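Here are my notes on the model you sent over, as numbered points. I hope they are handy to read with the viewer open.

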Amino acid sequence: MRRLYVSLGLVALLAALCTVHTVYLSRFTGRLTQQLTQAQAQVDRGDWAEAARLTQRAKEDWTAHEGYLHTTLRHTDIDAILISFDEALSFLQAGERQSAEYAAVNARLITQIGLLIEAELPTLPNLL
């Protein structure tokens, strides 16, 4: 009987840790998405320097959490997002001001970040 209680306790602990991870990741990705959305709004206003600052800050926040992200998520997803951050920053820092191309890169980056939390939710497709 003792083994049953220990097993149930471990399952409950894992469920609690998964819940904490999902909530934390949701807040983290929400913050990044908000910064990138603000950066897009700055580009729309013509303030490319502020957009670059916001995107750089979002990238720094991303890289500051890389240890956690590499521990809990797929490495290919993390690397793809980092590449997209670099691509978005290169559009912002280039001498040419191509807002349509930047908007496409930024939208892809926001989508990639949103897909991270989607993949972690306990939905039927994710469990199968």
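1. Ala80 sits in helix 4, which covers residues 75–93; helices here are DSSP runs of H or I with at least four residues, strands are E runs of at least two, and both are numbered from the N terminus. With a relative accessible area of 29%, Ala80 is partly exposed (buried means under 20%, exposed over 50%, partly exposed in between, with a 1.4 Å probe and protein chains only). From the C-alpha atom of Ala80 to that of Leu69, 11 residues apart along the chain, the separation is 13 Å.

2. A word on ground rules. This is a predicted model, in which local features need pLDDT of at least 70 and side-chain atom pairs count only at pLDDT 80 or more, while totals for chains, interfaces and linings use all residues. Residues are numbered from 1 along each chain as its sequence is written, and side-chain values use heavy atoms, leaving out hydrogens and water.

3. Helix 4 packs against helix 5 (residues 99–120) at an angle of about 155°, and their axes are 9 Å apart. That makes helix 4 roughly antiparallel to helix 5. Angles under 35 degrees count as roughly parallel, over 145 as roughly antiparallel, 65 to 115 as roughly perpendicular and the rest as oblique. The axes are lines fitted to C-alpha atoms, for helices over the stretch in contact, and angles run from 0 to 180 degrees between N-to-C directions.

4. The crossing of helix 4 and helix 5 is left-handed, that is, the near helix is turned anticlockwise from the far one by less than a right angle (clockwise would be right-handed). Ala80 is one of the helix 4 residues in this contact, along with others including Ile81, Phe85 and Leu92; helix 5 contributes, among them, Tyr102, Val105 and Leu109. Contact here means heavy atoms within 4.5 Å. The residues of this contact divide into 11 nonpolar, 2 polar and 4 charged (Ala, Val, Leu, Ile, Met, Phe, Trp, Tyr, Cys and Pro count as nonpolar, Asp, Glu, Lys and Arg as charged, and the others, Gly among them, as polar).

5. Is Asn106 of helix 5 buried or exposed? At 1% relative accessibility, Asn106 counts as buried. Leaving aside residues up to four places away in sequence, Asn106 touches Leu36 and Gln40.

6. Now for the other pair. Helix 1 (residues 2–45) and helix 2 (residues 48–64) have axes that come within 7 Å and cross at roughly 165°. Helix 1 is therefore roughly antiparallel to helix 2, and their crossing is left-handed. Among the residues making this contact are Phe28, Leu32 and Leu36 of helix 1 and Trp48, Leu54 and Trp62 of helix 2. The contact of helix 1 with helix 2 divides into 10 nonpolar, 4 polar and 4 charged residues.

7. Ala16 also lies in helix 1 and, at 39% relative accessibility, counts as partly exposed. The C-alpha atoms of Ala16 and Thr37 are separated by 31 Å, with these positions 21 residues apart along the chain taken as their spacing.

8. Finally, the whole chain. The protein chain has 6 helices and 0 strands. Its radius of gyration is 18 Å, well over the 14 Å that the globule rule gives for 128 residues, so the chain is more spread out than a compact globule. That radius is taken over C-alpha atoms, and the rule is 2.2 Å times the number of residues to the power 0.38. The C-alpha atoms fill a box of roughly 70 × 25 × 25 Å along the principal axes, and buried residues make up 30% of the 128 residues.
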